[in-house]
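Hi everyone, thanks for coming. I'd like to walk you through one structure today, starting with its pockets and then moving on to a few single residues.

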Amino acid sequence: MANTQAVANWKEGIAFTIKIRDHEFTSDLPPDKGGQDLGPTPPELLVGALAACSGIFAKMFADREGIPADGIEAVAEAETLQSPMRLGNFTVRVHIPGLPEEKRSKARAFVEGCLVGQTLKVANSVSLELS
């Protein structure tokens, strides 16, 4: 399987431009944290990735089951925990309008296959190389 790569380059203040494949966007902090609020914070991007991944999986399930995609919504949240400071206790609420009751458990199993959600459920390591 191919590796996923993101490159972050300093833009201004404490904002960074993130490049992923042919896409480019900015991440920053709000003014009360020393930034200019030029884009979402890194933790917001992580929670956003979980919401987007869950939504994409819900859409794929709906397509596979012949359920209209209109109104599909995924809302992700996480708590900021201490010692060490990190995000935890992630929650995702997925709404698939028109989902029949008899397909709910099948939909849950499918959406739980989202790569970002699976990644957050497993203990990971982060290797840091400083040059």
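Before we look at what lines a pocket, we need a way to sort residues: Ala, Val, Leu, Ile, Met, Phe, Trp, Tyr, Cys and Pro count as nonpolar, Asp, Glu, Lys and Arg as charged, and the others, Gly among them, as polar. Please also keep in mind that this is a predicted model.

Let's use that sorting on the second largest pocket. Its lining divides into 10 nonpolar, 4 polar and 4 charged residues. The space in this pocket is about 570 Å³, and 18 residues line it, with V92, V94, R108, V111 and E112 lying nearest its centre. Which elements give two or more residues to this lining? They are α1, β5, α2, which covers 104–111, and α3. The most comes from β5, with 5 residues.

Now for the largest pocket. About 1400 Å³ of space lies in it. Here we have 23 lining residues, and T4, A6, L46, A49 and V116 are the ones nearest the centre. By class, 16 are nonpolar, 6 polar and 1 charged. At least two lining residues each come from β2 (15–20), α1 (42–65), β5 (86–95) and α3 (115–121). The largest share belongs to α1, with 5 residues.

Let's leave the pockets and zoom in on T26, in strand β3, residues 23–27. Is T26 buried or exposed? Buried means under 20% relative accessible area, and T26 has 14%, so it counts as buried. Its side chain makes a polar contact of 3.1 Å with the side chain of K11. Beyond its neighbours within four places in sequence, T26 touches K11, A15, F16, T17, L38, G39 and P40.

Last, some backbone geometry. As background, most residues other than glycine have a negative phi, and most peptide bonds are trans.

With that in mind, look at R21, in the loop between β2 and β3. R21 is not a glycine, yet its phi is positive, about 50°. R21 counts as exposed, because its relative accessibility is 73%. Then there is N89, in strand β5, which also has a positive phi, near 50°. At a relative accessible area of 47%, N89 is partly exposed.

And the peptide bonds? The one from S83 to P84 is cis, with omega near -5°. You'll find P84 in the loop between β4 (73–81) and β5.

That's my tour, and I'm happy to go back to any part of it.

Terms used: Residues numbered from 1 in each chain as written. Predicted model: local features only at pLDDT ≥ 70, side-chain atom pairs only at ≥ 80, totals over all residues. Heavy atoms only, no water. 1 Å grid on protein atoms, 1.4 Å probe; cavity = no way out; pocket = protein on both sides within 12 Å on 5 of 7 lines; lining within 4 Å. Points joined across faces, edges and corners; volume = space filled by probe spheres on them. Helix = DSSP H or I, 4+ residues; strand = E, 2+ residues; numbered from the N terminus. Buried < 20%, exposed > 50% of the residue type's maximum accessible area, 1.4 Å probe, protein only. Polar contact = N/O pair within 3.5 Å; in protein donor to acceptor, adjacent residues only side chain to side chain. Contact = heavy atoms within 4.5 Å.
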